[in-house]
Amino acid sequence: VFCGHEYTVNNLKYALHVEPENTTTKEKFTWAKEQRANNLPTIPSSIEEELKTNPFMRVDNSAVQKHCRTSEPVSTMGFLREEKNNFRG
């Protein structure tokens, strides 16, 4: 997955806000901060990696749904989108 901008650190901050116990996300966040501190890219990523760390790709995950106070994936996505729009981590 190639994105057009270097948003990995900020996106992982939000992912940890949603799922603070996700060890894969914690590890990727640490790695991403180190990469950026050394002026290195954090992209590309893979769909496999995103499925483990990206809350927008985890709307059927119970921890993400609990954060969103819903058990329905479409409602979970709506909650995440609205919350991320205003997230200032």
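Trainee: In this predicted model, which side chain meets glutamate 50 in a salt bridge?

Mentor: The model is predicted, and the pair considered here joins distant parts of the chain. Glutamate 50 lies in helix H3 and its partner in helix H2, 22 residues apart. With N and O at 3.5 Å, the partner in this salt bridge is lysine 28.

Trainee: Is glutamate 50 buried or exposed?

Mentor: Burial requires a relative accessible area under 20%. Because glutamate 50 has 16% relative accessibility, this residue counts as buried.

Trainee: Which residues are linked with Lys28 in a network of salt bridges?

Mentor: Lysine 28 also forms a salt bridge with glutamate 49, where the closest N and O atoms are 3.1 Å apart. Glutamate 49 is in helix H3 and lysine 28 in helix H2, so this pair ties together parts 21 residues apart in sequence. Lysine 28 is buried at a relative accessible area of 8%, whereas glutamate 49 is partly exposed at 28%. The residues linked with Lys28 in the network are Glu49 and Glu50.

Trainee: Which residue forms a salt bridge with glutamate 19?

Mentor: The whole structure holds 4 salt bridges. In the one considered here, glutamate 19 belongs to the loop between H1 and H2, and its partner, 39 residues away, to the loop between H3 and H4. Both residues of the pair are buried. The N to O distance is 2.8 Å, and the partner is arginine 58.

Trainee: How are helices H1 and H2 oriented, roughly parallel or roughly antiparallel?

Mentor: Helix H1 spans residues 8–18 and helix H2 residues 23–37, with their axes 9 Å apart and at an angle of about 155°. Angles over 145 degrees meet the criterion, so H1 is, relative to H2, roughly antiparallel.

Trainee: How many nonpolar residues does the contact of H1 with H2 have?

Mentor: H1 contributes Thr8, Val9, Leu12, Lys13, Ala15 and Leu16, which meet a set in H2 that includes Lys28, Phe29 and Ala32. By class, the contact has 5 charged and 2 polar residues, and the number of nonpolar residues is 6.

Trainee: Against which helices do the buried residues of H1 pack?

Mentor: The buried residues of H1 are Thr8, Val9, Leu12, Tyr14, Ala15, Leu16 and Val18. Their packing extends beyond H2 to further helices at 47–53, 62–68 and 73–85. The helices in question are H2, H3, H4 and H5.

Trainee: Leaving aside neighbours within four places in sequence, which residues are in contact with threonine 8?

Mentor: Threonine 8 is part of helix H1. With 11% relative accessibility, threonine 8 counts as buried. Beyond its sequence neighbours, the residues in contact with threonine 8 are Lys28, Ala32, Thr42 and Ile43.

Trainee: Is the peptide bond from isoleucine 43 to proline 44 cis or trans?

Mentor: Most peptide bonds are trans. Proline 44 is placed in the loop between H2 and H3. The omega of the bond from isoleucine 43 to proline 44 is near 10°, and the bond is therefore not left to the general expectation but assigned from that angle: cis.

Trainee: What is the value of phi at asparagine 39?

Mentor: Most residues other than glycine have a negative phi. Asparagine 39 lies in the loop between H2 and H3 and is exposed, with a relative accessible area of 64%. Its phi is positive, near 55°.

Trainee: Where is arginine 69, whose phi is also positive?

Mentor: Arginine 69 has a phi near 55°. This residue is exposed, with a relative accessible area of 68%. The place of arginine 69 is the loop between H4 and H5.

Notes:
Residues numbered from 1 in each chain as written. Predicted model: local features only at pLDDT ≥ 70, side-chain atom pairs only at ≥ 80, totals over all residues. Heavy atoms only, no water. Axes fitted to C-alpha atoms, helices over the stretch in contact; angles between N-to-C directions. Helix = DSSP H or I, 4+ residues; strand = E, 2+ residues; numbered from the N terminus. Parallel < 35°, antiparallel > 145°, perpendicular 65-115°, else oblique. Contact = heavy atoms within 4.5 Å. Nonpolar A, V, L, I, M, F, W, Y, C, P; charged D, E, K, R; others polar. Buried < 20%, exposed > 50% of the residue type's maximum accessible area, 1.4 Å probe, protein only.
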